[in-house]
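Subject: Structure for you to look at

Hi,

Here is the structure I promised to pass on. Have a look at it first, and then read my notes below.

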Amino acid sequence: MHPAAEHSPLGKSSEYICTYTPSLLFPIPRTAKWAELGLTAQTLPYQGVDIWNCYELSWLLPSGKPVVAIAEFSVPADSPNIIESKSFKLYLNSLNQSVFADRQHLQQVLVADLSAAAGKPVGVVIRSLDEVQAQGVAGLPGTCIDELDIEVSSYDHPRPELLRCDAARVVEESLHTHLLKSNCPVTSQPDWGSVVVQYRGAALDHASLLAYIVSFRQHSDFHEQCVERIFLDLQRLLKPQSLTVYARYVRRGGLDINPYRSTEAISVDNGRLARQ
C-alpha cells in the first residue's frame, strides 16, 4: 500500500457532505510509486494524461433548481500528485447542494481546486447528457487478442518474463484486450479495465502479451501505476521507436480512470466503452 493512502478516506466510513468542501480532496504523491519503478520526476520515459470521467455531477442554480451533467478531468501524468479516488468522489458530492451561477462558474472552481490538489493544471470539461449521448459508445483500435489460446497459472503479480518478441522483425500495430483486472491497494476490491498497446518496434508475441496482462489479475496497485508498469516492461523488451499504452477502466462510485502513457505527444480519444 502507498504510505500516504493509509491516511486517505479510502476504505473508511465517510460522512456525506453535500455543501462545497474542497478540503475533502486528498492528494497522494506519485514519487513513491515512481521509485518502485526506478523512476523520478526528472527521468520519466513517457508523457501522458490521466482522464477521469464523472457520471454523477450535480449542483444547484441560483434559483435552487438542480442540474446534472457529466464531467471530464485531465490530470497530467507528470503532476506531483494523483488525487485519491474516494476523496475525489466525496469532493464531487459536496457540490450537490451548492449554488453555482452557471456551468462556467463551476468549471472555474473545479479547475482551481483540482489543479491545487494535483500540483499542475487540470483540464475540466462539463457536458450535458445530450452531448454525451450523441457521442455514443466507442470501440478500441487494432486487433483484440482475447480469443488467443493461452495457459495461465500465476495471478499474484505482473510477470514481464512472459513477454516475448521477434527482434528481427519490426512491425507497427495496435493491440487491445479487455482482460485486465487488478485490485485496489487499499480496499482489495477489483478494478476492471481494457488495455491498448500501440507501438512500432520488435514484433510482440500476441499470446505472451495476453498472458502478461492476465498476470495482473491479483496484483494490488493504483490504475496509473499499472499502466506505467506495462509501458516500462514493453519498452524494455521491444526497444520501440514509438510506444503508447493506455487503459480504460470500468467506473466505480460514478468515476472511471483512464491513464495514457506514450513516447509521443498524443491526442486522446475519450470515447466511452461499452463497460464504462
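A residue counts as buried when its relative accessible area is under 20%. Keep that cut-off in mind for what follows, and also that this is a predicted model.

Let's start with helix α5, which spans residues 206-214. Seven of its nine residues fall under the cut-off, so the rest of the structure largely encloses this helix. The buried ones are Ser-208, Leu-209, Leu-210, Ala-211, Tyr-212, Ile-213 and Val-214. What lies over them? The cover includes β7 (165-183), β8 (190-204) and α6 (223-238). At the N-terminal end of α5, Asp-205 acts as a cap, with a side-chain oxygen 3.3 Å from the backbone nitrogen of Ala-207.

Next, strand β2 (47-60). This strand is mostly covered too, with eleven of its 14 residues buried. β2 has antiparallel partners in both β3 and β10:

- With β3 (66-76), β2 shares ten bridges, and Leu-57 sits opposite Ala-69 of β3.
- With β10 (residues 255-262), β2 shares eight bridges, and Asp-50 has Pro-259 as its bridge partner.

β2 and β3 form a hairpin with five residues between the strands, and Gly-64 there has a positive phi near 95°.

Now a lysine that caught my eye. Is Lys-89 buried or exposed? Its relative accessible area is 16%, so Lys-89 counts as buried. This residue belongs to helix α2 (residues 85-93). Apart from neighbours within four places in sequence, Lys-89 is in contact with Glu-56, Gly-253 and Leu-255. A polar atom of the Lys-89 side chain lies 3.4 Å from the backbone oxygen of Gly-253.

Last, the second largest pocket, which has a volume of about 220 Å³. It is lined by 14 residues, and those closest to its centre are Arg-127, Gln-135, Asn-270, Gly-271 and Arg-272. Which element gives the most to this lining? That is β3, with three residues. β2, β3 and α4 (129-135) each supply at least two, so the hairpin strands turn up here again. By type, the lining divides into five nonpolar, five polar and four charged residues.

If you open the model with these notes beside you, the helix α5 is a good place to begin.

Cheers

Note on methods
Residues are numbered from 1 along each chain as its sequence is written. This is a predicted model: local features need pLDDT of at least 70, side-chain atom pairs count only at pLDDT 80 or more; totals for chains, interfaces and linings use all residues. Side-chain values use heavy atoms; hydrogens and water are left out. On a 1 Å grid over the protein atoms alone, a cavity is a set of points where a 1.4 Å probe fits but cannot get out, and a pocket is an open set with protein on both sides within 12 Å along at least five of seven lines; lining residues have an atom within 4 Å of a point. Grid points are joined across faces, edges and corners, and a volume is the space filled by probe spheres set on the points. Helices (H or I, at least four residues) and strands (E, at least two) are DSSP runs, numbered from the N terminus. Ala, Val, Leu, Ile, Met, Phe, Trp, Tyr, Cys and Pro count as nonpolar, Asp, Glu, Lys and Arg as charged, and the others, Gly among them, as polar. Buried means under 20% relative accessible area, exposed over 50%, partly exposed in between (1.4 Å probe, protein chains only). A polar contact is a pair of N or O atoms within 3.5 Å; within protein, one must be able to donate a hydrogen and the other to accept it, and residues adjacent in sequence count only if both atoms are side-chain atoms. Contact means heavy atoms within 4.5 Å. Two strands pair if DSSP finds at least two bridges between them.
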